[in-house]
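Please look through the sequence and the model below before reading on. The report that follows takes up aromatic rings, one threonine and a set of paired strands.

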Amino acid sequence: MIPTILVASLPAFLAVFAGIAEATTCNVTTPCPASAPCCSEFGFCGTDHLTFADQSRILSNHTLFDGNSSEYDWVVEGGNIQNSNGDLALTLTETNGGTRISTTRYVHYGTITAKLKTGRWGGVVTAFITMSDIKDEIDWEFPGAATTEAQSNYFWQGVIPTPSVGETHRDLTDTFSNYHDYTIDWQPETLTFSIDGSVVRTVRKSETFDSAGIAHYPVTPSRVQFSIWPAGIAGSAQGTVDWAGGMIDWNNADYKAAGQFYALVREVSIKCTNAQAVSATSNITSYIYSGSKNTSTTPTIVYSNRSTLLNGAGSLSPIVGGVGGTMLALALGLLLGANALLL
């Protein structure tokens, strides 16, 4: 049974951020240094890993988050977290709707590895993903009772491809009873999925172009997220229920004993690709594609001072102010106007 106290310490939990906030700042023209390569939406740089001594850098009450990632590394967006012998426990109850925790900084290319144990119950999904503000997404997902499998997937701007580009990786030792290391190695031209250090899948951006010459490949700064969520409930699409292993049995013996379903995260390591750190601020308003399959279709990322906080709380300080801010606003208006004429 998992203890019912909130996270008090996660001594082995590695993350992307510094235990004590670094004074280094960043913006659209000033990238973070190699020693602290990840840039937050408030312009603070962070190192590539952290050992938690207590819960002070996890904000459980997401409504209080003002976007300042120099103070918090993680925000609980829903549900409840607990401490289970030093592991981070994500809980799912019939009333809490599951739990999701997100980083307060963004990664724009890098290598992310999580050591975790999944759930083992039909209809209950465990997930380790990256998610951008425009729904570029990279997934490790573990549906229901399929405890010898892991599923890799990716999405571009929330588009659901037909057929699916997800893949299932089988013959794992029980993912509920055993820790496994799951890695997302996200680079500008390749996306590699590994389990316990062994590559199981590689996606090449060059293979994702559509007939219009646009690559359906995740390219925008993203937060790292962990979650456990109820797919097998009334209101879910039948295909989702079937994929997750059926409807959730709230009379399951495990649920009755613990009062919850759960997944455990032991540690995380996030190493940003420093060359891309300048783009890791989250204030993205549009993506303008140019060129074709043969001329590189890397998007231009346009920055503004729009707030993209996890829960919409607080306000975002402008990246640039004064004359610079005015010029940026004018340039943005012209660019968006030109883009509208082209569409």
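Is Tyr 262 buried or exposed, and what is its relative accessible area? In this predicted model, Tyr 262 has a relative accessible area of 18%, and because burial is defined as a value under 20%, Tyr 262 counts as buried.

**Aromatic pairs**

The structure holds 14 aromatic pairs. One of them joins Phe 142 and Tyr 182, whose rings meet edge-to-face, with 4.7 Å from centre to centre and 65° between the planes. This pair links distant parts of the chain, since Phe 142 belongs to strand E10 (residues 137–143) and Tyr 182 to strand E13 (residues 180–186), 40 residues apart. Both Phe 142 and Tyr 182 are buried.

Phe 176 and Tyr 262 form a pair as well, and with ring centres 6.1 Å apart and planes at 45°, this pair is tilted. It too links distant parts of the chain: Phe 176 sits in the loop between strand E12 (167–169) and E13, while Tyr 262 lies in strand E17 (residues 261–272), 86 residues apart. The two pairs are set out below.

| Pair | Centre to centre | Angle between planes | Kind |
|---|---|---|---|
| Phe 142 and Tyr 182 | 4.7 Å | 65° | edge-to-face |
| Phe 176 and Tyr 262 | 6.1 Å | 45° | tilted |

Phe 176 has a relative accessibility of 13% and therefore counts as buried. Phe 176 and Tyr 262 are also members of one aromatic cluster, which they form with Trp 121, Trp 250, Tyr 255 and Phe 261.

**A threonine in strand E14**

Thr 192 is found in strand E14, which covers residues 190–195, and with a relative accessible area of 13% this residue is buried. What is Thr 192 in contact with, once its neighbours within four places in sequence are left aside? The residues in contact with Thr 192 are Thr 183, Ile 184, Asp 185, Val 199, Arg 201 and Thr 202.

**Strand E9 and its partners**

Strand E9 (residues 124–132) is largely enclosed by the rest of the structure, because eight of its nine residues are buried. E9 pairs in the antiparallel sense with strand E16 (residues 222–230) over nine bridges, and it pairs with E10, again in the antiparallel sense, over seven bridges. Phe 128 shows both pairings at a single residue, for its bridge partner in E16 is Phe 226, whereas its bridge partner in E10 is Trp 140. E9 and E10 form a hairpin with four residues between them, and in the turn Lys 135 has a positive phi of about 70°.

How values were computed:
Residues numbered from 1 in each chain as written. Predicted model: local features only at pLDDT ≥ 70, side-chain atom pairs only at ≥ 80, totals over all residues. Heavy atoms only, no water. Phe/Tyr/Trp six-rings, centres within 6.5 Å; stacked < 30°, edge-to-face > 60°. Helix = DSSP H or I, 4+ residues; strand = E, 2+ residues; numbered from the N terminus. Buried < 20%, exposed > 50% of the residue type's maximum accessible area, 1.4 Å probe, protein only. Contact = heavy atoms within 4.5 Å. Pairing = 2+ DSSP bridges.
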